[in-house]
Amino acid sequence: MQLDDLYRRVIMDHYKNPRNRGKFEDGTLTVDLNNPTCGDKISLQLKVDNGIVQDAKYTGEGCSISMSSASMMTEAVKGKTVEEAQDLASRFSALMQGEDVHFDDYEDIEALSGVNKFPARIKCATLAWNALRKGIDEKQHDH
Amino acid sequence: MNSAIREQFPILKQEINGHPLVYLDSAATSQKPLAVIEALRHYYEYDNANVHRGVHTLGSRATDAYEGAREKVAKFIHAKSTKEIVFTRGTTTSLNMVASSYARSILSEGDEIVLTPMEHHSNLIPWQQAAKATGAVLKYVKLQEDGSVTLSEVEKVITDKTKIVAMAYVSNVMGVVNPVKEIAALAHRHGAIMVVDGAQSSPHMKVDMQDLDCDFYTLSGHKMCGPTGIGVLYGKQALLEEMEPVEFGGEMIDDVGLYESTWKELPWKFEGGTPIIAGAVGLGAAIDFLESIGMDAIEAHEHELASYAVSRLSEIDGLKLYGPRERKVGLVTFNLGDVHPHDVATVLDASGVAIRAGHHCCQPLMRWLEASATARASFYLYNTKEDVDRLISALIQTKEYFG
């Protein structure tokens, strides 16, 4: 077991210098998700206009994997159409299943590929992405 | 404790990620000695049959083995009779039985249930549900700064409206031992009954129902060297007599008509369906094993390990230890600076050291501790000072890794 597969420099960078951490002041679509087995929490806010994710922020508590994954996800989805964001989430699921997928649009995410060798930690990495899927679903139900 | 005891646990003789396994998660579930593994094997190889019904020889052997295990439990916790020992799936089931059958029949609006914020979810949610169903009110004992419970704080919340006091004997997060004997006496003076969650006490110390004088007590076999899926509900005979069964069906009946039925006598009226026969046999073997070493010796060993762990952990800069510094039970809960406990547990696992990270099924207590999660190392009779040393060096490495 190589710990460095899990904790690459990119992951530690996102953990220690999180991007998009915080809250929008105005009422924006908010998704709260918990991982009840371990106590990780995320509150994700998405600004979606004209089918495009204009902006995203998150707050939460959790380990380096769950919080760095949230940081990367929010970076990656900004400016994407809803369909592109859904595609990102699908590719992320595939990455967690050990498939050889690429994120040319936001390469940092590939640093999380090592997580699939740590089955107990996959749910940490997917928390933010599950919140993204839930948020997009809710947005689409509005229309 | 000597290496002969460790030899009894085959699972410990393996390497994890290239390092000899150091298992420090016994508060979640304990490892199983050969005596228990062999008892299960022997039961299935020679004695397996359904109980209380077969006329044939195997049926008698299985019944004897199952009821023999009940006698061992009764002696182990000093119950007055085997009628007071109900086999269940574990502590969660046992507590739910008391909360859904006994509690709901005696509670009415405005009655009080007294709990502490340190309770495991299984000694919390059943009471929340019973309170919702009956209009009873939950009241919480204030914890001391070190997380312990004092009799005087219980006195402040208990009243003559209190019908039930429910509390862990030993906290699964902080390792504190609650004064349940004194609290049971106090509860009785107010006309309340005392329910003790014994999941974390039964594996580690002598427990005596006559001395504690609690009304209900629960335990889980898998935390005390027994198999998973078997546990016990102890209840004073008069209370169990009053209580309606929770599950109805085969095994638990006396006479069945088309419209009405009657129940078997204690304890079988609570054991509907084919019981957990092999589990009970395994629990019986676990009790024999623990008693062959002696509960006092186990307690002394854990006390020594816990004290050693507390002093070594205190050497680590930035490590926050939760709970009292002096502890009898082999369990330490901590956080390593800003490093999230999941990350701590993963790095420790890479060195072969297994600990628990998370909220330990105690979310209200986590809020009280102002921690979203903690790391927990828990010891048992097979652990050694070398295990504590391995924990400490792995923690120092973790600190450097995340430094």
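**Notebook: sheets, helix packing and backbone exceptions**

I began at one residue pair of chain B and noted that Leu319(B) stands opposite Leu336(B) in β14(B). The model I am reading is a predicted one, and I keep that in mind for every entry below.

**Entry 1: the sheet around β14(B).** I looked up the pairing behind that residue pair and found that β13(B) and strand β14 (residues 331-336) of chain B are joined antiparallel by 4 bridges. They belong to an open sheet of 4 strands whose order is β13-β14-β17-β16 (chain B), with antiparallel pairing. I noted that β13 (319-322) and β16 (356-358) of chain B each have a single partner strand and stand at the edges, so one side of each is left without a neighbour in the sheet. From one strand to the next, the twist averages 30 degrees.

**Entry 2: helices on that sheet.** I then asked which strands of chain B helix α11 touches where it packs on the sheet. Helix α11 (residues 295-314) of chain B touches β13 and β14 of chain B, and its direction makes about 15 degrees with that of β14(B). I found that α14(B) also packs on the sheet, where it touches β13, β14 and β17 (374-378) of chain B, and that its direction makes about 15 degrees with that of β14(B).

**Entry 3: α11(B) against α14(B).** I looked at how these helices meet and found that their axes come within 10 Å and cross at roughly 25 degrees. An angle under 35 degrees counts as roughly parallel, which makes α11(B) roughly parallel to α14(B). The crossing of α11(B) and α14(B) is right-handed. On the side of α11(B) I listed Glu304(B), Leu305(B), Tyr308(B), Ala309(B), Arg312(B) and Leu313(B), and on the side of α14(B) Lys385(B), Val388(B), Asp389(B), Ile392(B) and Leu395(B). Sorted by class, the contact of α11(B) with α14(B) holds 7 nonpolar and 4 charged residues, and no polar ones.

**Entry 4: α12(B) against α14(B).** I followed α14(B) to another partner and found that the axes of helix α12 (residues 341-350) of chain B and helix α14 (residues 385-402) of chain B come within 9 Å, crossing at roughly 120 degrees. That angle makes α12(B) oblique to α14(B), and the crossing in which α12(B) passes α14(B) is right-handed. In this contact Asp343(B), Val344(B), Val347(B) and Leu348(B) of α12(B) meet Leu391(B), Ala394(B), Leu395(B), Thr398(B) and Phe402(B) of α14(B). I counted by class and have 7 nonpolar, 1 polar and 1 charged residues in the contact of α12(B) with α14(B). Leu395(B) of α14(B) appears here, and Leu395(B) is also listed for the contact with α11(B).

**Entry 5: a parallel pair and its crossover.** I moved to strand β5 (residues 112-115) of chain B, which pairs with strand β6 (residues 137-140) of chain B in the parallel sense over 4 bridges, with Ile113(B) opposite Leu138(B) in β6(B). Between β5(B) and β6(B) the chain passes through helix α5 (residues 125-134) of chain B, and I noted this β-α-β crossover as right-handed.

**Entry 6: α4(B) against α5(B).** I checked what packs against the crossover helix and found that the axes of helix α4 (residues 91-106) of chain B and α5(B) come within 9 Å and cross at roughly 20 degrees. The helices α4(B) and α5(B) are therefore roughly parallel to each other, and their crossing is right-handed. Among the residues that meet are Leu95(B), Val98(B) and Arg104(B) in α4(B) and Trp127(B), Gln129(B) and Ala133(B) in α5(B). The contact of α4(B) with α5(B) divides into 8 nonpolar, 3 polar and 1 charged residues.

**Entry 7: the sheet of chain A.** In chain A I found an open sheet of 3 strands, ordered β1-β2-β3 with antiparallel pairing. Here β1 (29-35) and β3 (52-61) of chain A are the edge strands, each with a single partner, so one side of each is left without a neighbour in the sheet. Neighbouring strands of this sheet are turned by 20 degrees against each other on average, direction ignored. I noted 7 bridges between β1(A) and strand β2 (residues 40-49) of chain A, which run antiparallel, and Leu29(A) stands opposite Leu46(A) in β2(A). Helix α3 (residues 64-77) of chain A packs on the sheet and touches β2 and β3 of chain A, its direction making about 170 degrees with that of β3(A).

**Entry 8: backbone exceptions.** Most residues other than glycine have a negative phi, and most peptide bonds are trans. I recorded a cis peptide bond between Leu266(B) and Pro267(B), with omega of about -5 degrees, and placed Pro267(B) in the loop between β12 (261-263) and α10 (277-293) of chain B. Asp213(B), although not a glycine, has a positive phi of about 55 degrees, and Asp213(B) lies in the loop between α8 (209-212) and β9 (216-220) of chain B.

Conventions:
Residues are numbered from 1 along each chain as its sequence is written. Chains are lettered from A and ligands numbered from 1 in the order in which they are written. This is a predicted model: local features need pLDDT of at least 70, side-chain atom pairs count only at pLDDT 80 or more; totals for chains, interfaces and linings use all residues. Side-chain values use heavy atoms; hydrogens and water are left out. Axes are lines fitted to C-alpha atoms, for helices over the stretch in contact, and angles run from 0 to 180 degrees between N-to-C directions. Helices (H or I, at least four residues) and strands (E, at least two) are DSSP runs, numbered from the N terminus. Angles under 35 degrees count as roughly parallel, over 145 as roughly antiparallel, 65 to 115 as roughly perpendicular and the rest as oblique. A crossing is left-handed if the near helix is turned anticlockwise from the far one by less than a right angle, and right-handed if clockwise. Contact means heavy atoms within 4.5 Å. Ala, Val, Leu, Ile, Met, Phe, Trp, Tyr, Cys and Pro count as nonpolar, Asp, Glu, Lys and Arg as charged, and the others, Gly among them, as polar. Two strands pair if DSSP finds at least two bridges between them. A crossover is right-handed if, with the strands pointing away from the viewer, the path from the first strand over the helix to the second runs clockwise.
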